[in-house]
Amino acid sequence: MVTLALRQVGASYGRTTVLSNVSIDMLQSGSLTAIIGPNAAGKSTLFKRIAGLISGPGLVQLSNAAGGDRTICYMPQDTGANAVLTVYESILLASKQGSGWRVHDDELFEIDAILKALRIENLAFRGLGELSGGQRQLVSLAQALVRKPEILLMDEPTSALDLHRQVEVLDFISRLARESGMIVLIALHDLNHVLRYCENTIVIADGEMAMSGSTATVITPEMLREVYRVSARIETCSRGQRFILVDGTA
Ligand SMILES: Nc1ncnc2c1ncn2[C@@H]1O[C@H](COP(=O)(O)OP(=O)(O)OP(=O)(O)O)[C@@H](O)[C@H]1O
Ligand SMILES: [Mg+2]
């Protein structure tokens with residue numbers, strides 16, 4: 001099974017360093033690890049650095065990867081649409097990335113299965129330029145999932161989705177991770193989703209790793225005050241699920 005570790009990873013844009021000293025011993029496969037932190041903290045930059053889209057100091061260490069284009073897949077935060085393609089064509093294109101152009105029947109089945117799982121099969125032959133923001137985000141998710149990567153980096157994949165879709169998508173990704181043993185890193189601003197879906201959490205603040213560990217130990221009123229400058233309580237509901245109640249800015 002693939003493993004991923006980060007050793008003092010950093011990144012700059014031009015001469016400005018926006019990320020430094022991110023070290024993670026070994027990312028857990030089969031479960032979701034959250035990347036959280038304020039706007040402009042460096043979360044998307046960290047994803048781009050791990051995906052090899054930008055370079056910088058430190059090491060991104062992979063072992064036992066099958067290799068090729070299916071090792072790491074990065075689902076960006078902004079889902080720019082190539083308006084010329086239909087939804088189906090764009091997912092097919094994503095699935096063929098780096099593997100030649102011959103299309104096999106099983107790949108078409110796979111695309112159908114993903115369209116169904118995300119409940120967007122009705123959009124298959126619509127142009128990408130004609131979709132709503134949430135629909136575009138679901139297509140972007142389909143493009144990432146169809147490649148069956150060993151390591152999936154998802155940058156706020158539910159930010160444009162309604163509440164039902166958010167829960168549906170996070171349930172689906174959790175199940176997929178568990179069944180396939182994928183390593184999933186997911187940037188989320190909804191910290192209640194993090195409490196519910198992510199076993200481990202890494203906090204990025206001001207371009208550095210502020211904390212990391214099991215979600216229960218990382219998401220505390222103290223962390224919320226320090227990193228997000230809000231005064232908040234963490235309560236446990238009658239079913240034992242922990243949730244955050246924000247009382248105001250700190
Ligand atoms: N292409 C770029 N060129 C120059 N600076 C950039 C570029 N992309 C991001 N930055 C800067 O790098 C810093 C980190 O940005 P990044 O996108 O990683 O933040 P983030 O944690 O993902 O924030 P958000 O929660 O708003 O998505 C910010 O100060 C941002 O302005
Ligand atoms: Mg970002």
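Two residues count as in contact if their C-beta atoms, placed from the backbone, lie within 7 Å. Axes are lines fitted to C-alpha atoms, for helices over the stretch in contact, and angles run from 0 to 180 degrees between N-to-C directions. Helices (H or I, at least four residues) and strands (E, at least two) are DSSP runs, numbered from the N terminus.

You are looking at a predicted model, where local features need pLDDT of at least 70, side-chain atom pairs count only at pLDDT 80 or more, and totals for chains, interfaces and linings use all residues. Residues are numbered from 1 along each chain as its sequence is written, while chains are lettered from A and ligands numbered from 1 in the order in which they are written.

**Whole view**

Start with the protein as a cartoon: eight helices and eleven strands. Its radius of gyration (taken over C-alpha atoms) is 18 Å, close to the 18 Å from the globule rule (2.2 Å times the number of residues to the power 0.38) for 250 residues, so the protein is as compact as a globular protein of that length. Along the principal axes, the C-alpha atoms fill a box of roughly 55 × 45 × 35 Å. Of the contacts with a separation of 6 or more, 64% link residues 24 or more positions apart.

**The six-stranded sheet**

Now select β5, β6, β7, β3, β8 and β9: that is the order of the strands in an open, mixed sheet. Two strands pair if DSSP finds at least two bridges between them. β5 (72-75) and β9 (208-214) sit at the edges with a single partner strand each, so one side of each has no neighbour in the sheet. Neighbouring strands here are turned by 15 degrees against each other on average, direction ignored.

Zoom in on β7, residues 183-187. Five of its five residues are buried (20 or more other C-beta atoms within 10 Å of a residue's own; exposed means 12 or fewer, partly exposed is in between, and C-beta atoms are placed from the backbone), so the strand is largely enclosed by the rest of the structure. In a regular strand the side chains alternate between the two faces of the sheet. Turn β7 to see Ile183, Leu185 and Ala187 on one side, with Val184 and Ile186 on the other; both faces are covered.

Next, add the partners of β7. β3 (residues 32-36) joins β7 over four parallel bridges, and Thr33 has Leu185 as its bridge partner. β6 (residues 151-155) also pairs with β7 in the parallel sense, over five bridges; there, Ile151 is matched with Ile183. Show helix α5 (residues 163-180) as well, and β6, α5 and β7 make a right-handed β-α-β unit. Right-handed means that, with the strands pointing away from the viewer, the path from the first strand over the helix to the second runs clockwise.

**Helices and core**

Turn on α4 (residues 133-145). This helix lies across β5 and β6, running at about 175 degrees to β5. Helix α1 lies across β3, β5, β6, β7 and β8 (198-205), at about 155 degrees to β6.

Now colour the largest nonpolar core, a set of buried Ala, Val, Leu, Ile, Met, Phe, Trp, Tyr and Cys residues joined through C-beta atoms within 7 Å. It has 61 residues, and those with the most contacts inside it are Ile35, Ala142, Leu153, Val184 and Ile186. α4 gives this core its largest share, six residues. Click on Ile35: beyond its neighbours within four places in sequence, it is in contact with Lys43, Leu46, Leu185, Ile186, Ala187, Ile202 and Ile204.

**Tyr74**

Go to Tyr74, in strand β5. Tyr74 is buried, with 20 other C-beta atoms within 10 Å. Leaving out residues up to four places away in sequence, Tyr74 touches Phe47, Ala51, Leu53 and Leu153.

**The three-stranded sheet**

Last stop: select β2, β1 and β4, the order of an open antiparallel sheet. β2 (16-24) and β4 (59-63) are the edge strands, each with a single partner strand, so one side of each is left without a neighbour. The twist averages 20 degrees from one strand to the next. Helix α1 (residues 43-50) packs on this sheet too, touching β1, β2 and β4, at about 70 degrees to β2. Five bridges join β1 (residues 3-13) to β2, and Tyr13 has Thr16 in β2 as its bridge partner.
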